[in-house]
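Work through the exercises below with the sequence and the model open. Try each task before reading its solution.

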Amino acid sequence: MPGTTCRTALVAIAFLFAVPASAQMNKCVAADGTVSYQARPCSSSNGTTLAANREVSDRAVADREYAQRRDRCRNAKDIAERQRALLASDAAGDRKAASDEIAIQERRMRQDSCAAL
């Protein structure tokens, strides 16, 4: 029991002296105008170091998630359009496969709420 009390006291002391983690957020702008946020400094001079705060971090995550969702929607739409062209095929197997793939892509677009973009 005395060992447990000592261990608990050491852990409590360690928490008291723990230094809060500080981090920097870097906003980098590529030559094509694409904005990215990263922990490491930008590779070129097109960057700004931002104070690490919750708002900046949340905004960076939201921007990244929106861009990923937009890309998924574009890809699903492109695949569905290509498959619609195959529906005119003479082979029944090709039409069935195209129909199945269109259904899959339409489901993905509904899941990602692509109509809202």
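**Exercise 1. The core side of a helix**

Task: List the buried residues of H2, and say what covers them.

Solution. Step 1: pick out the residues of H2 that are buried. They are Ala-60, Cys-73, Ala-76, Ala-80 and Gln-83. Keep in mind that this is a predicted model.

Step 2: look at what lies over them. The cover includes S2 and helix H3, residues 92-111.

Step 3: take one residue of H3 as an example. Gln-105 is found in helix H3. Gln-105 has a relative accessible area of 2%, so it is buried. Setting aside neighbours within four places in sequence, Gln-105 is in contact with Ala-76, Ile-79 and Ala-80. Ala-76 and Ala-80 are among the buried residues of H2.

**Exercise 2. The span of H2**

Task: What should the 33 residues of H2 span at 1.5 Å a residue, and how far apart are the end C-alpha atoms?

Solution. Step 1: work out the expected span. The length to use is 1.5 Å times one less than the number of residues. For the 33 residues of H2 this should come to 48 Å.

Step 2: compare with the model. The end C-alpha atoms of H2 are 48 Å apart, which agrees.

**Exercise 3. The layout of the chain**

Task: How many helices and strands are in the chain, and in what order do the elements run?

Solution. Step 1: count the elements. The chain has 3 helices and 3 strands.

Step 2: read from the N terminus. The order is α-β-β-β-α-α.

Step 3: add the totals for burial and contacts. Of the 117 residues in the chain, 13% are buried. Take the contacts between residues at least 6 apart in sequence: 34% of them join residues at least 24 apart.

**Exercise 4. The disulfides**

Task: Find the disulfides, and state which parts of the chain each one joins.

Solution. Step 1: search for sulfur pairs within 2.5 Å. The count comes to 2 disulfides.

Step 2: take Cys-28 and Cys-42. Their sulfur atoms are 1.9 Å apart. The S-S torsion of this pair is about -90 degrees, so the disulfide is left-handed. Cys-28 lies in strand S1 (residues 24-29), and Cys-42 lies in the loop between S2 and strand S3 (47-51), so the bond ties together parts that are 14 residues apart in sequence.

Step 3: check burial for this pair. The cut-off is under 20% relative accessible area. Cys-28 has 9% and is buried. Cys-42, at 18%, also counts as buried.

Step 4: take Cys-73 and Cys-114. The S to S distance is 1.9 Å. The torsion about this S-S bond is about -85 degrees, so this disulfide is left-handed. The pair links distant parts of the chain, with Cys-73 in helix H2 and Cys-114 in the segment after H3, 41 residues apart. Both cysteines, Cys-73 and Cys-114, are buried.

Step 5: write the pattern. With bonded cysteines counted along the chain, it is 1-2, 3-4.

**Exercise 5. The segment after H3**

Task: Is Asp-112 buried or exposed, and which residues does Asp-112 touch?

Solution. Step 1: place the residue. Asp-112 is in the segment after H3. Its relative accessible area is 18%, so Asp-112 is buried.

Step 2: list its partners. Not counting residues up to four places away in sequence, Asp-112 touches Arg-69, Arg-72 and Cys-73. Asp-112 and Cys-73 are 39 residues apart in sequence, and their C-alpha atoms are 7.1 Å apart in space.

Step 3: move on to Ser-113. Ser-113 also lies in the segment after H3. Its relative accessible area is 38%, so Ser-113 is partly exposed. Phi of Ser-113 is near 50 degrees, a positive value in a residue other than glycine. Most residues other than glycine have a negative phi.

**Exercise 6. The largest pocket**

Task: Which element gives the most to the lining of the largest pocket?

Solution. Step 1: note the volume, about 230 Å³.

Step 2: sort the lining by element. Strand S2 (35-38) and helix H2 (54-86) each supply at least two residues. H2 gives the most, with 7 residues.

Step 3: sort the lining by type. It divides into 6 nonpolar, 4 polar and 2 charged residues. Among the lining residues are Met-25, Tyr-37, Asp-63 and Arg-64.

How values were computed. Residues numbered from 1 in each chain as written. Predicted model: local features only at pLDDT ≥ 70, side-chain atom pairs only at ≥ 80, totals over all residues. Heavy atoms only, no water. 1 Å grid on protein atoms, 1.4 Å probe; cavity = no way out; pocket = protein on both sides within 12 Å on 5 of 7 lines; lining within 4 Å. Points joined across faces, edges and corners; volume = space filled by probe spheres on them. Helix = DSSP H or I, 4+ residues; strand = E, 2+ residues; numbered from the N terminus. Nonpolar A, V, L, I, M, F, W, Y, C, P; charged D, E, K, R; others polar. Buried < 20%, exposed > 50% of the residue type's maximum accessible area, 1.4 Å probe, protein only. Contact = heavy atoms within 4.5 Å.
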